[in-house]
Amino acid sequence: YAHEGILDGGAPEGKADLQEALMIAARRLHESQLQGGSTALLGQLNGHTMGILNLGDSGAMLLRPALRTPPGSDQPLLFPRVVFRSSDQTHYF
């Protein structure tokens with residue numbers, strides 16, 4: 001539902017109101033009377049700025065490709081490089 005809220009939100013191409021998308025999704029879930037709970041994490045990258053909306057204990061990571069040569073090899077391979085990682089929000093039960 002959040003993805004549909006982003007597409008239907010009327011925001012200019014490439015920009016979305018993440019809070020509005022979450023509210024649309026929550027309203028649609030409430031109307032459908034689905035039961036249960038879930039974490040919501042929405043993110044959007046606009047140029048050099050990353051916007052994150054996190055409701056729950058999930059986290060976000062922004063990964064970029066990086067060339068690395070494994071030990072014992074002369075062939076470089078693409079590996080993920082962590083550019084950004086949100087703070088942990090782990091809860092113990």
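1. I52 is a useful place to begin in this predicted model, because this residue, at 34% relative accessibility, counts as partly exposed and yet has several neighbours from elsewhere in the chain. Leaving aside residues up to four places away in sequence, I52 touches L18, L42, G43, A60 and F84. I52 itself is found in strand β2, and its C-alpha atom is separated by 9.6 Å from that of Q19, a residue 33 places away along the chain.

2. For orientation, the protein chain has two helices and four strands, and, read along the sequence, these elements follow the pattern α-α-β-β-β-β. The chain holds 93 residues, of which buried residues make up 17%. Its accessible surface comes to about 7600 Å², and 53% of that surface belongs to carbon and sulfur atoms. Among contacts between residues at least 6 apart in sequence, 33% join residues at least 24 apart.

3. The strand that holds I52 has a partner, and the pairing deserves a point of its own. Strand β1 covers residues 40–46, while strand β2 covers residues 49–55, and the two pair in the antiparallel sense over seven bridges. One of the residue pairs can be named, since the bridge partner of Q44 is G51 in β2. The hairpin formed by β1 and β2 has two residues between the strands, and in this hairpin G47 takes a positive phi near 65°.

4. Which residues make up the largest nonpolar core? The core consists of six residues in all, namely L18, A21, L22, A40, L42 and L53. Two elements, α2 (18–32) and β1, each give two or more residues to this core, and α2 gives the most, with three residues. As a general background, nonpolar side chains in soluble globular proteins tend to be buried together.

5. Two members of that core can be followed further. L18 is found in helix α2, and it counts as buried because its relative accessibility is 10%, where buried means under 20%. The C-alpha atoms of L18 and G43 are separated by 7.5 Å, although the two residues are 25 apart along the chain. L53, another core member, touches L18, Q19, L22, A40, L41 and L42, again not counting residues up to four places away in sequence.

6. Where does the nonpolar surface patch lie, in terms of the residues that make it? The patch is made by L41, I52, V83 and F84, and has an area of about 290 Å². L41 lies in strand β1 and is partly exposed, with a relative accessible area of 34%. I52, from strand β2, also belongs to the patch, and the contact list of I52 includes the patch member F84. L41, for its part, is among the residues touched by the core residue L53.

7. M50 offers a further link to F84. The place of M50 is in strand β2, and this residue counts as partly exposed because its relative accessibility is 29%, which falls between the 20% limit for buried and the 50% limit for exposed. Apart from residues up to four places away in sequence, M50 touches Q44, L45, L62 and F84. The C-alpha atoms of M50 and F84 are separated by 9.4 Å, while the residues themselves are 34 apart along the chain.

8. Finally, N46 deserves a brief remark. N46 lies in strand β1 and is partly exposed, with a relative accessible area of 26%. N46 and K15 are 31 residues apart in sequence, and in space they are 7.2 Å apart, counted from C-alpha to C-alpha.

Key: Residues are numbered from 1 along each chain as its sequence is written. This is a predicted model: local features need pLDDT of at least 70, side-chain atom pairs count only at pLDDT 80 or more; totals for chains, interfaces and linings use all residues. Side-chain values use heavy atoms; hydrogens and water are left out. Patches are made of residues with over 30% relative accessible area and no salt bridge: like charges are joined within 9 Å, nonpolar side chains (Val, Leu, Ile, Met, Phe, Trp, Tyr) within 5 Å. Accessible areas come from the Shrake-Rupley method with a 1.4 Å probe; for residues, only the protein chains shown count as cover. A salt bridge is a side-chain nitrogen of Lys or Arg within 4 Å of a carboxyl oxygen of Asp or Glu. Buried means under 20% relative accessible area, exposed over 50%, partly exposed in between (1.4 Å probe, protein chains only). Two strands pair if DSSP finds at least two bridges between them. A nonpolar core is a set of buried Ala, Val, Leu, Ile, Met, Phe, Trp, Tyr and Cys residues joined through side-chain atoms within 4.5 Å. Contact means heavy atoms within 4.5 Å.
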